[in-house]
Amino acid sequence: MELKNRYYDPKRDGYDATRWFTVGGTPTAASDQLTLNQSAIIERCDVVRGDLSMRMFIPAVPTSGDSREFGMKNLSSGAYATFQIADAVFYTVISDQSGNTDSLTLSFNSAWINTEVTFRIVFSPNYVKFVINDSPVAVFGGIKCPRTPMSVYVSNANADALLFKGYDLLGAAITGIA
């Protein structure tokens, strides 16, 4: 399978419904960012391996009632490799298509609030590495790692603005683009 690079720049690309599927809510593109306020999106591109770097602005320290998730996901199979905020907990989590999961709770750095942070996920079947601003934070291997195609996914169930500044997906093994 040929490996390719993909990029998303909201300033250049805006919010294109042929590229993205709106899972819920109404994401908006303005200036150089995509704003998700009680909304979720998934890209119409399936990838089985790659090196994803997402540039995000998190608006607040995780607190009770928060629900945010971003990374790679397959809505049909249930496979994913994502950063998640659930209530006041920030963690990395993986799941294969059979529902086997693993996770690691992380300390949320308040210096990440309202500043651009790069969240990176390096993934292939049986291997996932999570990195924040060039610092590795979690590595998973084995059967619980996703082995089916996944797509770039961003969700913010909160009534505030999660800013998505774009992504670079390098060395991607792409299996389909809608």
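This section describes aromatic packing, one strand residue and a surface patch in a predicted model.

The aromatic side chains were examined as ring pairs. The count comes to 15 aromatic pairs. One of them joins Phe-70 and Phe-119, with ring centres 4.9 Å apart. Their planes meet at 70°, so this pair is edge-to-face, given that angles over 60 degrees fall in that class. The two partners come from distant parts of the chain. Phe-70 belongs to strand E7, whereas Phe-119 belongs to strand E11 (residues 117-124). In sequence they stand 49 residues apart. Both Phe-70 and Phe-119 are buried.

A further edge-to-face pair is formed by Phe-83 and Phe-130. Here the distance is 5.1 Å centre to centre, and the angle between the planes is 85°. This pair also links distant parts of the chain. Phe-83 is placed in strand E8 and Phe-130 in strand E12 (residues 127-132), 47 residues apart. Phe-83 has a relative accessible area of 0% and is therefore buried. Phe-130 likewise has a relative accessible area of 0%, so this residue is buried.

These four phenylalanines are part of one aromatic cluster. Its members are Phe-70, Phe-83, Phe-90, Phe-108, Trp-112, Phe-119, Phe-130 and Phe-140. Tyr-80 takes part in another kind of arrangement, with a lysine. Lys-73 lies over the face of the Tyr-80 ring, at 5.4 Å from the ring centre.

Ser-53 was considered next. This residue sits in strand E6 (residues 45-57). Its relative accessibility is 16%, so Ser-53 counts as buried; the cut-off for that class is under 20%. With neighbours within four places in sequence left aside, Ser-53 touches two runs of residues. It is in contact with Thr-118, Phe-119 and Arg-120, among others. The remaining contacts are Gly-166, Tyr-167 and Asp-168. Phe-119 thus appears both as a contact of Ser-53 and as the ring partner of Phe-70.

The surface also carries a nonpolar patch, formed by Phe-21, Val-23 and Leu-75. Together these residues have about 250 Å² of accessible area. Leu-75 is located in the loop between strand E7 (67-73) and strand E8 (80-86). Its relative accessibility is 44%, so Leu-75 counts as partly exposed. The strands on either side of this loop, E7 and E8, hold Phe-70 and Phe-83 respectively.

Terms used: Residues numbered from 1 in each chain as written. Predicted model: local features only at pLDDT ≥ 70, side-chain atom pairs only at ≥ 80, totals over all residues. Heavy atoms only, no water. Patch = residues over 30% accessible without salt bridge, like charges linked within 9 Å, V, L, I, M, F, W, Y side chains within 5 Å. Areas by Shrake-Rupley, 256 points an atom, 1.4 Å probe, with all protein chains shown as cover. Salt bridge = Lys/Arg side-chain N within 4 Å of Asp/Glu carboxyl O. Helix = DSSP H or I, 4+ residues; strand = E, 2+ residues; numbered from the N terminus. Buried < 20%, exposed > 50% of the residue type's maximum accessible area, 1.4 Å probe, protein only. Contact = heavy atoms within 4.5 Å. Phe/Tyr/Trp six-rings, centres within 6.5 Å; stacked < 30°, edge-to-face > 60°. Lys NZ or Arg CZ within 6 Å of the ring centre and 35° of its normal.
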